[in-house]
Amino acid sequence: MLSVFDIFKIGIGPSSSHTVGPMRGARLFADALAHDGLLSRTERVHVTLYGSLGATGHGHATDVGVILGLMGEAPDTVDPGAVQARIQELRRSGELRLLGRQPIAFEPLRDIEFAGQESLSEHPNRMRLIARAPDGATLADRCYFSVGGGFVVERGDPSNAAGEASATTWPHPFRTGDELMSQARAHGLSVAQLMLANESVWRAPADVRTDVLRIWQVMQQCVRRGFGIDNPSANEHLPGTLHIRRRAPQLYRELLARDGSAEGADPLVAMDWVNAFAMAANEENAAGGRVVTAPTNGAAGVVPAVLHFYARFCRGASDDGIVDFLLTAAAIGMLYKANASISGAEVGCQGEVGVACSMAAGALAAVLGGSPAQVENAAEIGMEHNLGLTCDPVGGMVQIPCIERNAMGAVKAINAARMALRGDGSHYVSLDAVIRTMMQTGEDMKSKYKETSLGGLAVNVVEC
């Protein structure tokens with residue numbers, strides 16, 4: 001059983017699977033050492049990153065995530081502004097404090113090994129952590145898989161669901177799109193109402209609303225920082241070897257200047273704003289800022305951009321509509337998580353931007369008055385036209401083509417919602433069918449197109 005707060009998690013950039021997941025896995029490892037009474041006996045920790053984690057870990061700040069997790073930091077509470085100073089101090093001193101308590105000698109170049117050429121069938125995002133005593137004896141040896149969206153699964157864990165909500169009986173259980181639609185029809189509920197009833201098993205409805213609006217608040221803060229509002233660093237280049245100039249601040253200033261002018265009559269100005277919202281969120285993610293996984297960091301701009309579009313351009317927009325939007329989007333995201341994948345390393349970017357587009361399309365259709373059938377139709381359209389989308393980040397960084405790809409995904413989601421709302425909800429391809437197709441397409445896709453930076457744009461664009 002997943003919660004809306006599993007699909008939408010507060011974290012830091014640039015990647016949910018390569019930064020947030022490894023941070024959570026390393027924190028779980030350190031917590032396990034403390035739980036087993038091994039923390040004070042640990043002198044060294046060695047980390048090996050396999051598969052996609054090893055192949056693109058440098059560009060995705062995987063080593064940084066691991067270090068922060070060993071220090072005891074969590075993605076939703078770590079201060080992004082202090083990260084680089086802490087990493088520099090570690091490199092200067094050669095000392096890391098496990099969970100902020102136990103000092104160990106730690107040198108990133110020596111103690112974090114990137115083994116991108118090795119992978120396992122369970123999942124390409126694998127990390128292994130070994131703790132050793134002063135005499136070199138192994139105290140603990142654990143493997144974790146970062147399976148997308150910040151979710152982490154420990155190898156051998158019988159629950160196979162680290163980080164997911166505890167298994168509880170929902171009043172309206174569903175695992176497939178057909179089951180979701182059946183529950184909505186049987187009880188006369190919207191998708192959002194059904195989700196609220198399920199979430200209320202774990203917390204009071206008023207608390208669900210408050211916490212969902214907190215997610216929206218973080219999304220807004222992310223976009224504001226991406227625009228450069230109270231954030232001078234937004235006028236700098238993005239980190240890494242590509243030296244990409246952040247474009248959202250300038251676009252934001254240009255759009256503000258056009259308000260009230262003759263140019264404001266441009267019928268496509270809303271599209272410009274959607275592009276700006278999406279790019280601002282993903283540029284902030286690429287810079288290592290605070291973001292909301294939606295459902296991943298690489299796709300963290302799509303849902304916020306469409307939600308900003310709703311709040312700014314749709315008549316009758318309200319906080320109630322925002323809550324309904326995010327609850328509906330989460331329900332759709334759960335279907336992909338349960339029946340396919342939201343990991344670019346497993347199925348390509350169709351599992352990230354494609355899923356985000358599907359989530360946003362269904363959610364927008366819902367808050368614009370669509371029926372559950374129209375919501376399903378919008379979500380299906382959103383994914384159907386992202387099938388086969390590859391994950392080929394240039395330089396292994398969440399910048400090219402990821403930032404623009406979020407803007408395209410957001411615009412596509414709005415169009416999918418509008419297409420569905422112009423129909424009566426009947427459609428030939430079901431959401432379940434397109435989810436199965438996405439997973440099958442991902443399985444058939446060559447690994448070089450799945451977040452390894454070994455194919456596509458990653459090898460056809462020369463790094464300068």
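Contact here means that heavy atoms lie within 4.5 Å of each other. The exercises below concern a predicted model.

**Exercise 1.** Determine where Glu-284 is placed, whether Glu-284 is buried or exposed, and which residues Glu-284 touches.

*Solution.* Step one is to locate the residue: Glu-284 belongs to helix 11. Step two is to apply the cut-off, by which a residue under 20% relative accessible area is buried. The relative accessible area of Glu-284 is 4%, so Glu-284 is buried. Step three is to list the contacts, leaving out residues up to four places away in sequence: Glu-284 touches Cys-222, Arg-225, Gly-226, Asn-231, Arg-246, Gly-289 and Arg-290.

**Exercise 2.** Identify which residues of the largest pocket are the closest to its centre, and which helix gives the most to its lining.

*Solution.* Begin with the volume: the largest pocket holds about 860 Å³ of space. Its lining has 41 residues, of which Gln-84, Pro-239, Ala-287, Gly-288 and Gly-289 are the closest to the centre. Next, consider the elements. At least two lining residues come from each of strand 1 (9-12), helix 2, helix 4, helix 5, helix 9 (205-227) and helix 11 (269-286). Helix 9 gives the most, with five residues.

**Exercise 3.** Explain why the buried residues Val-83, Ile-87 and Leu-90 lie on the same side of helix 5, and state what they pack against.

*Solution.* First, recall the geometry: an α-helix has 3.6 residues a turn, so residues three or four places apart point the same way. Second, take the buried residues of helix 5 (residues 83-93), among them Val-83, Ile-87 and Leu-90. These cover an arc of only 60° around the axis, and therefore share one side of helix 5. Third, examine the other side, where Ala-85, Gln-88 and Arg-92 are exposed. Fourth, find the partners: the buried residues pack against helix 4 (62-70), strand 3 (95-98) and helix 6 (108-111). Just after helix 5, Gly-94 has a positive phi of about 70°.

**Exercise 4.** Describe the order of the strands in the open sheet, and state which helix packs on the sheet.

*Solution.* The order of the five strands is 5-2-6-7-8, with mixed pairing. Strand 5 (112-115) and strand 8 (151-154) are the edge strands, since each pairs on one side only. From one strand to the next, the twist averages 25°. Helix 2 (residues 16-35) packs on this sheet and touches strand 2 (44-50), strand 6 (125-132), strand 7 and strand 8. The direction of helix 2 makes about 150° with that of strand 7. Strand 7 (residues 138-148) and strand 8 run antiparallel and are joined by four bridges; Ser-146 has Val-152 in strand 8 as its bridge partner.

Conventions
Residues are numbered from 1 along each chain as its sequence is written. This is a predicted model: local features need pLDDT of at least 70, side-chain atom pairs count only at pLDDT 80 or more; totals for chains, interfaces and linings use all residues. Side-chain values use heavy atoms; hydrogens and water are left out. Two strands pair if DSSP finds at least two bridges between them. Axes are lines fitted to C-alpha atoms, for helices over the stretch in contact, and angles run from 0 to 180 degrees between N-to-C directions. Buried means under 20% relative accessible area, exposed over 50%, partly exposed in between (1.4 Å probe, protein chains only). The arc is that of the directions from the helix axis to the C-beta atoms. On a 1 Å grid over the protein atoms alone, a cavity is a set of points where a 1.4 Å probe fits but cannot get out, and a pocket is an open set with protein on both sides within 12 Å along at least five of seven lines; lining residues have an atom within 4 Å of a point. Grid points are joined across faces, edges and corners, and a volume is the space filled by probe spheres set on the points.
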